[in-house]
Amino acid sequence: MKPLIASLLVLFPATLLAQPAAPTKGVAHNKGVAHSQQVDIAYETLGAQSPALPVIAINGGPGLSHAYMVQNDVWERIAKNRLVVFYDQRGIGASKRMQPGVSQATLDQSLPAQVADLEAVRQALGLGKVALVGDSYGGLLAMAYAAAHPEHVAKLVLSDSPGPSWKSIVHVLPEVFPDIEEQGEQEQKRLGSASDAASDAAAHAGLRNHFRMIFYSPEKRDAYMARMGDLGYEPAVGAAVANATADLDLTAKLADFKFPTLVITGRYDMNVAPLTAWRLAHAIRGAKLVFFEHSGHLPSYEEPEKYVTVLEEFLNGR
């Protein structure tokens, strides 16, 4: 199960979903590209720049685009008052256009390269200080950026994020869902890996099986999965990121974080159990920890009203 954590985790999903949530009326929606030495990084924005602190939302995975984060209108609602930025990480979704001589096989997937991509997006939009919202694996990337560029971070939000290293994650899916884990293993064996097509099918089946275990509400789970369509999962990219970050440990950097930090966790997140968030919040001076009592790994989807309220209060607070 460990490779699944490394390549899906923290979750989540993937290129453009088949049925993205309809934009809220009156919220501007724009797209652009930031250039790096190896690949063009595609981003999209909701809302407009204003006196309110802008947000850059960093999705999880690794190996997935930001599309899973926009399955309801949470971010459109937040963008009514401020600029919200999403982007696809290198080699994923709309960020696959390589510079000459670069391929997926040679693309640098180290965290410094990913931090540089995020910095390129910030610069392309001409933003000064921003609030980073790192969701799932995106929290690890947000922490790495905050350690490298604290001068550009006004506030930090870590939403169902891993801790400062992969080894710090408390992951209890096998203990809570042994039946689904077994079904997944059987399906993996049935699909096999004798060919690229079979391996890809097995990876996508594993992704869907993983989703079955990350919700608190069966009704919310079924609604999400019924509409999520082809997630465009790139397992090779997920594996490359996992390998490149396997020994990463940002623990020593957390004590240097001087900006306000909010740590969010679903009370029933079995993917990244709340003990991870508890330890993370206690490692960052002054961090606020909020539990979502009716959520698994995606509180923005399972408790959207509370999520908007908590996030806006934190972003607007002093």
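User: Which helix lies across E3, E4, strand E5 and strand E6?
Analyst: This is a predicted model, in which local features need pLDDT of at least 70 and side-chain atom pairs count only at pLDDT 80 or more, while totals for chains, interfaces and linings use all residues. Residues are numbered from 1 along each chain as its sequence is written, and side-chain values use heavy atoms, with hydrogens and water left out. Helices (H or I, at least four residues) and strands (E, at least two) are DSSP runs numbered from the N terminus; contact means heavy atoms within 4.5 Å, and angles run from 0 to 180 degrees between N-to-C directions of axes fitted to C-alpha atoms, for helices over the stretch in contact. The helix across E3, E4, E5 (130-135) and E6 (153-159) spans residues 137-148 and runs at about 145° to E5; it is H4.

User: What angle does helix H13 make with E6?
Analyst: H13 covers residues 304-316. It lies across E3, E5, E6, strand E7 (261-266) and E8, and its angle to E6 is about 155°.

User: In what order do the strands stand in the sheet?
Analyst: The chain has 13 helices and 8 strands. Two strands pair if DSSP finds at least two bridges between them. The 8 strands form an open sheet with mixed pairing, in the order E1-E2-E4-E3-E5-E6-E7-E8.

User: Why is one side of E1 and of E8 left without a neighbour in the sheet?
Analyst: Neighbouring strands of this sheet are turned by 20° against each other on average, direction ignored. E1 and E8 (288-292) each have one side without a neighbour in the sheet because each stands at an edge, with a single partner strand.

User: Which residue in E4 stands opposite Val-55?
Analyst: Strand E3 (residues 55-58) and strand E4 (residues 84-87) run parallel and are joined by 2 bridges. In E4, the residue opposite Val-55 is Val-84.

User: Which element supplies the largest share of the largest nonpolar core?
Analyst: A nonpolar core is a set of buried Ala, Val, Leu, Ile, Met, Phe, Trp, Tyr and Cys residues joined through side-chain atoms within 4.5 Å; buried means under 20% relative accessible area (1.4 Å probe, protein chains only). The largest core has 44 residues, of which Ile-56, Tyr-87 and Leu-132 touch the most other members. Elements that each supply at least two residues include E3, helix H3 (111-124), E5 and helix H9 (235-244). The largest share, 8 residues, comes from H4.

User: How many residues are in the other core, which includes Tyr-301?
Analyst: Contacts of Leu-132, setting aside neighbours within four places in sequence, include Ile-56, Leu-118, Ala-142 and Val-157. The other core lies apart from the largest one, with Leu-64, Ala-131 and Val-133 also among its members. Its number of residues is 39.

User: Is Ser-136 buried or exposed?
Analyst: Ser-136 is placed in the loop between E5 and H4. Its phi is near 55°, a positive value in a residue other than glycine. With a relative accessible area of 0%, Ser-136 is buried.

User: What is the relative accessible area of Asp-160?
Analyst: Asp-160 lies in the loop between E6 and helix H5 (173-176). Although not a glycine, Asp-160 has a positive phi of about 50°. It is buried, with a relative accessible area of 2%.

User: Which residue does a cis peptide bond join to Gly-61?
Analyst: The omega of this bond is about -15°. The partner lies in the loop between E3 and helix H2 (74-78). It is Pro-62.

Methods
Buried < 20%, exposed > 50% of the residue type's maximum accessible area, 1.4 Å probe, protein only.
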